[in-house]
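I opened this structure as a newcomer and kept notes on what I looked up. My starting point was one residue, and from there I moved outwards to the elements around it.

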Amino acid sequence: MAQGPVNPPIKVWILTGFLGAGKTSLLNHWLKQPLFAENPLALIINEFGQLGVDAKQLPAGHHQTVEINKGSVFCICTRTDLIKALGTMVDSWHPEHLIIEATGIAQPADLETLLAEPQWNDRFEIQPTTCLVDAEHFIQVAAFSQPCVAQVRWADRIVINKTDLVSPRELDSLNEVLQGLNRQAEILETSHGQVEPLTGQLHVSRPCQQVDQPPDDIVSVSLSTEQPVDKTRFNRLLNDLDSHILRLKGNIAFQGAPQFVDVVVKRITTKPICPALGATHSRFVVIGWKISREELQSAFETCFIS
């Protein structure tokens, strides 16, 4: 008789949402909840770009973390990295829970197929999935982004985040759109990612197109420099590039006033630097749409002061 697994299946919590929806804020909130704070936990943080920023913004804790930064965890292009990470969970770490924060351009499809394979199907158990939606920008972005729509269709629960940035009428319109995309999912509204993990129900498998590479029209550039950055030139560049910038995040060493800059579409916010990224130089990621990687990098390098 075949022997069953020594440990119970690892509960897998998948968090999706387009660029800038607030996944890291929600994850920070989750890490404080007893379900995760009081039980063995592992994280897979997935970003579109070589420089991992999200993992650097998480608090220190008992969790162990794997970063996958060269593509989507749902994409064939990162399959080897994901299999290696899952093997580590099973063979070495033995967490009770695994949270996967997918990159904003993830088009979920392949993970369920992978976890159903014989070596994994009794080792992992997918929990109800959560998709975070940016109340301010979702309708605008969904018009040109297939992954943005696919994430909503695949979710067991949709969380409309940043509701403080829109009017009640805009919120009603967004709810209508989301219900049209996925009538089975529960829809919640919040600000700053303040929702708890969804428990007490099963994950429902939904079809989703498999992908083998990121979208052709979205590129990522990771920049790091010890040169100071001209703030006036930097702000002018953001204005000039306009809709070509989907996301920017990281430390910017402006002369005399370094800041953590966060850009989502056209909304720019700043806060104190993230120490884990380094306190004395700039380290940031820019995700662009319909612009080449070379153009994007050259444009931001013009802001560096020699």
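I worked from a predicted model, and I began by listing what Leu246 touches once its neighbours within four places in sequence are left aside: Phe18, Leu19, Phe144, Ile218, Val263, Val264, Val265, Ile287 and Trp289.

I then asked whether Leu246 is buried or exposed. Its relative accessibility is 4%, and because buried means under 20%, Leu246 counts as buried.

I also looked up a separation in sequence against one in space, and found that Leu246 and Val286 stand 40 residues apart along the chain while their C-alpha atoms are 7.9 Å apart.

Next I placed Leu246 in its strand, which is β10, covering residues 245-252. I followed β10 into an open sheet of five strands, whose order reads β9-β13-β10-β11-β12 and whose pairing is antiparallel. The edges of this sheet are β9 (218-225) and β12 (267-271), each of which pairs on one side only. Neighbouring strands here are turned against each other by 10° on average, with direction ignored.

I checked one pairing in detail and noted that strand β11 (residues 259-264) is joined to β12 by five bridges, the two running antiparallel. Which residue of β12 stands opposite Val261? I found Thr270 there.

Last, I looked for helices against these strands. Helix α8 (residues 231-241) lies across β10, β11 and β12 and runs at about 165° to β10, while helix α9 (residues 293-301) lies across β9, β10 and β13 (282-289), running at about 30° to β9.

Notes. Residues numbered from 1 in each chain as written. Predicted model: local features only at pLDDT ≥ 70, side-chain atom pairs only at ≥ 80, totals over all residues. Heavy atoms only, no water. Helix = DSSP H or I, 4+ residues; strand = E, 2+ residues; numbered from the N terminus. Buried < 20%, exposed > 50% of the residue type's maximum accessible area, 1.4 Å probe, protein only. Contact = heavy atoms within 4.5 Å. Pairing = 2+ DSSP bridges. Axes fitted to C-alpha atoms, helices over the stretch in contact; angles between N-to-C directions.
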